[in-house]
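Visitor: I would like a close look at a single part of this model, namely its salt bridges. Please take me through a few pairs slowly, since I am new to this.

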Amino acid sequence: MEPQHRFLRALQRLPVDRTPIWIMRQAGRYLPEYRATRERAGSFLTLCKTPELACEVTLQPLDRFDLDAAILFSDILTIPDAMGLGLELVEKQGPVFARTVRSKAEVDALPIPDPASDLRYVTDAVSLIRRELHDRVPLIGFAGSPWTLACYMIEGRGSKDFASAKAMAYGEPAAMQALMDKLVTATTAYLNAQIEAGAQAVQIFDTWGGNLTTDGYKRWSLEPMQRIVDGLIREHDGVKIPVILFTKGAGNWLELIADTGCDAMGLDWTIDPAMARRRIGDRVALQGNLDPGILTAPAEVVCDEARRVLDAFGPEPGHVFNLGHGITPQINPETVGALVEAVHAHRGPAG
Ligand code: CP3
């Protein structure tokens with residue numbers, strides 16, 4: 001059965017009336033209503049772990065802007081948290097774990113979370129959001145890539161180069177492989193639980209895959225994502241569930257990503273959309289890729305650049321407009337409103 005929503009149609013490379021748009025981190029600190037709910041929750045993690053509050057913030061950007069998809073409000077670090085590493089979000093520092101994973105023995109001791117109990121707050125949020133959306137737009141579920149999760153689990157916090165994760169990959173590959181195996185199992189079960197609870201598409205965020213060499217990317221980032229793609233529920237209640245892979249910094253590896261069997265790939269802003277189209281053709285849909293750094297410029301500049309990006313992707317079906325990475329806290333919501341309107345109003349060079 002063909003989907004009606006333009007976001008799901010574009011992911012299947014079906015014709016659409018307008019290019020669909022959603023924005024990575026669309027529910028976040030640039031919205032005053034988000035900051036108010038977070039204040040009320042007391043902490044970011046309470047927000048994530050309380051389905052009613054997670055649902056409320058998921059819907060906030062949709063009440064303001066004519067976006068074509070909702071994304072579950074949660075975080076990629078829920079899995080390591082459920083493995084017992086003790087996640088905390090420290091103001092101005094980002095995520096910090098109480099415990100790190102640095103040896104094969106520590107990897108072997110990690111439990112694989114059961115999504116039905118340990119991550120029940122996530123699937124409860126998914127079902128509640130689906131109920132509250134009344135099919136206005138589709139809901140995207142998500143998880144982090146095993147490599148990106150490993151970076152935070154080994155380092156214990158954010159980092160510019162994730163040197164300790166690389167040290168394990170190069171120095172203790174058996175430990176890294178064991179960690180990947182656990183994360184593949186955990187993430188596949190987690191995403192399938194989101195799909196069974198009502199997620200209509202899923203995206204894997206591979207924020208740090210671009211830090212690897214080509215061989216390293218194939219072994220530590222792509223291969224584990226491939227195994228997840230192979231294990232996902234691809235049709236639920238008779239409807240296709242598209243999978244989007246987003247590796248930041250993947251310009252070298254577009255063909256490899258398309259070959260995983262995913263339905264779409266996210267492109268960061270460094271990638272020329274026309275080149276991506278030439279290389280990928282109609283093998284998968286493409287998502288992206290406005291530079292998030294432009295959003296502090298005047299709205300007309302942002303809208304002109306958005307039209308340039310739309311034209312560069314060309315008239316073929318199979319484009320979902322997005323930023324090349326997440327929106328940052330200092331952005332004026334009015335600029336986002338103008339961007340969404342400009343994308344929907346655009347008819348392409350011919351029309
Ligand atoms: O896109 C959405 O609107 C859904 C929500 C979402 C969040 N995190 C909420 C969040 C998603 C999809 C994520 C994914 C995520 N989390 C990634 C991958 C995507 C990416 O941006 O590359 C990563 C690497 C993380 C880990 C993480 N969580 C970091 C590094 C931080 C700190 C970032 C910062 O700007 O402080 C978080 C916290 C976080 N996750 C916030 C939000 C809205 C900010 C928390 C707050 O309210 O203070």
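Guide: Let's start with a word we will need: a residue is buried under 20% relative accessible area, exposed over 50% and partly exposed in between (1.4 Å probe, protein chains only). This is a predicted model, where local features need pLDDT of at least 70, side-chain atom pairs count only at pLDDT 80 or more, and totals for chains, interfaces and linings use all residues. Residues are numbered from 1 along each chain as its sequence is written, and side-chain values use heavy atoms, without hydrogens or water.

Now to your pairs. A search through the whole structure turns up 19 salt bridges (a side-chain nitrogen of Lys or Arg within 4 Å of a carboxyl oxygen of Asp or Glu).

Find Lys104 and Asp108, whose closest N and O atoms are 3.0 Å apart in a salt bridge. Both sit in helix 6, residues 104–109 (helices are DSSP runs of H or I with at least four residues, numbered from the N terminus). Four residues separate Lys104 from Asp108, about one turn of the helix. How open are the two partners? Lys104 has 34% relative accessibility, so this residue counts as partly exposed. Asp108 reaches 43%, and therefore counts as partly exposed.

Some salt bridges share partners, and in this way Arg6, Asp17 and Asp68 are joined into one network. Let's follow one link of that network. The side chains of Arg6 and Asp68 meet in a salt bridge, with 2.8 Å from N to O. This pair links distant parts of the chain, for Arg6 and Asp68 are 62 residues apart. Arg6 belongs to helix 1 (residues 6–11), while Asp68 is found in the loop between helix 4 (51–64) and strand 1 (70–71). Is Asp68 buried or exposed? With a relative accessible area of 7%, Asp68 is buried.

Helix 4 brings us to one more pair. Glu56 forms a salt bridge with Arg40, and here the closest N and O atoms are 2.5 Å apart. Glu56 lies in helix 4 and Arg40 in helix 2, so the pair ties together parts that are 16 residues apart in sequence. Look at how the two ends of this bridge are covered. Glu56 is partly exposed, with a relative accessible area of 28%. Arg40 has 56% relative accessibility, so Arg40 counts as exposed.

To retrace our path in the model, start inside helix 6 with Lys104 and Asp108. Next, go from helix 1 to the loop that holds Asp68. Then finish where Glu56 of helix 4 is tied to Arg40 of helix 2.

Methods. Helices (H or I, at least four residues) and strands (E, at least two) are DSSP runs, numbered from the N terminus.
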